[in-house]
Amino acid sequence: MRRLVCMAMAVMTASILAIGCSPEASVPVPPEAKPTDGQQPKPESPVQNENNGAGQNEANNEKPLPAEQPGLTAQLILDDNFLKLLANNEINGFDIAIGMKKEEVVKRYGAVVKKDFLDGGQYAVLEKLDDGIVFFDGADRVYAIDLEGSRLGTATLETIQQGWGTPVDEGESMVDGEYLLLYEAGDNSVFISAENKNSPPEKIRIINKKMLDEFPQKF
């Protein structure tokens, strides 16, 4: 148990050291007759203009509802492939990957609306990601992400261990009393926390300390 807490704090402390502290339906319009001599051509129908111009563009550019956008309600797939994919920085069932550029993350989840500090690193709150926070390194890459338990579906600590095998370490945190599981996947550390050993997971944190060591955060 003490080893787990020490490992968790070591990962987070490294961050401190690294940073130095629809338009209306159109009305059918009859074909326009060719003008005879002395007659002016008829002006285009306003309805036709609307459908061929701004009205159509507005319909084409209409933004889908949040629930229709990929990732906003996606559930992580905590099966036996999760750690294998994460070793390549992919998060199974989610469309943010470790190492993804900030520009791409903002394109998917909206602008950064808040910044604050947690465990020695600065995190970003995104406009359309209500149940998670993202950490960017000095090269504007995602080096860590925290997601709430709502992203974990019906997974329990027991089913996670059945799929992932024995954790690197587990035990009760001396900091906040939560029960933690620690797994490793490539350069990524995975922390899953719950109120106690028999409670549903409350949060998952994935952190790649190697990326932060390469490019410390800038302030």
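## Strand β6 and the aromatic pairs

In this predicted model, strand β5 (residues 169–172) runs antiparallel to β6, and the two are joined by 4 bridges.

**Exercise 1.** Work out which strands pair with β6, beginning with β5 and continuing with β7.

*Solution.* Start from the β5 side, where Asp 169 has Leu 182 of β6 as its bridge partner. The hairpin of β5 and β6 has 6 residues between the strands, and within this hairpin Gly 177 adopts a positive phi near 80°. Turn next to strand β7 (residues 188–194), which pairs with β6 in the antiparallel sense over 7 bridges, with Tyr 183 standing opposite Val 190 of β7. Here the hairpin has 2 residues between the strands, and Gly 186 takes a positive phi near 65°.

**Exercise 2.** Decide whether strand β6 is largely enclosed or open, using the burial of its residues.

*Solution.* Of the 7 residues of β6 (residues 179–185), 6 are buried, and therefore the strand is largely enclosed by the rest of the structure. Tyr 183, opposite Val 190 in β7, also belongs to a cluster in which ring pairs link it with Phe 82 and Trp 164.

**Exercise 3.** Classify the aromatic pair of Phe 117 and Phe 219, and describe how accessible each residue is.

*Solution.* The structure holds 6 aromatic pairs. In the one formed by Phe 117 and Phe 219, the rings are 5.4 Å apart centre to centre with 45° between the planes, which makes the pair tilted. This pair links distant parts of the chain, 102 residues apart, with Phe 117 in strand β1 (residues 112–118) and Phe 219 in the segment after α7 (209–214). Phe 117 has a relative accessible area of 47% and is therefore partly exposed, whereas Phe 219, at 57%, is exposed.

Terms used: Residues are numbered from 1 along each chain as its sequence is written. This is a predicted model: local features need pLDDT of at least 70, side-chain atom pairs count only at pLDDT 80 or more; totals for chains, interfaces and linings use all residues. Side-chain values use heavy atoms; hydrogens and water are left out. Rings of Phe, Tyr and Trp (its six-membered ring) pair if their centres lie within 6.5 Å; planes under 30 degrees apart count as stacked, over 60 as edge-to-face and the rest as tilted. Buried means under 20% relative accessible area, exposed over 50%, partly exposed in between (1.4 Å probe, protein chains only). Two strands pair if DSSP finds at least two bridges between them.
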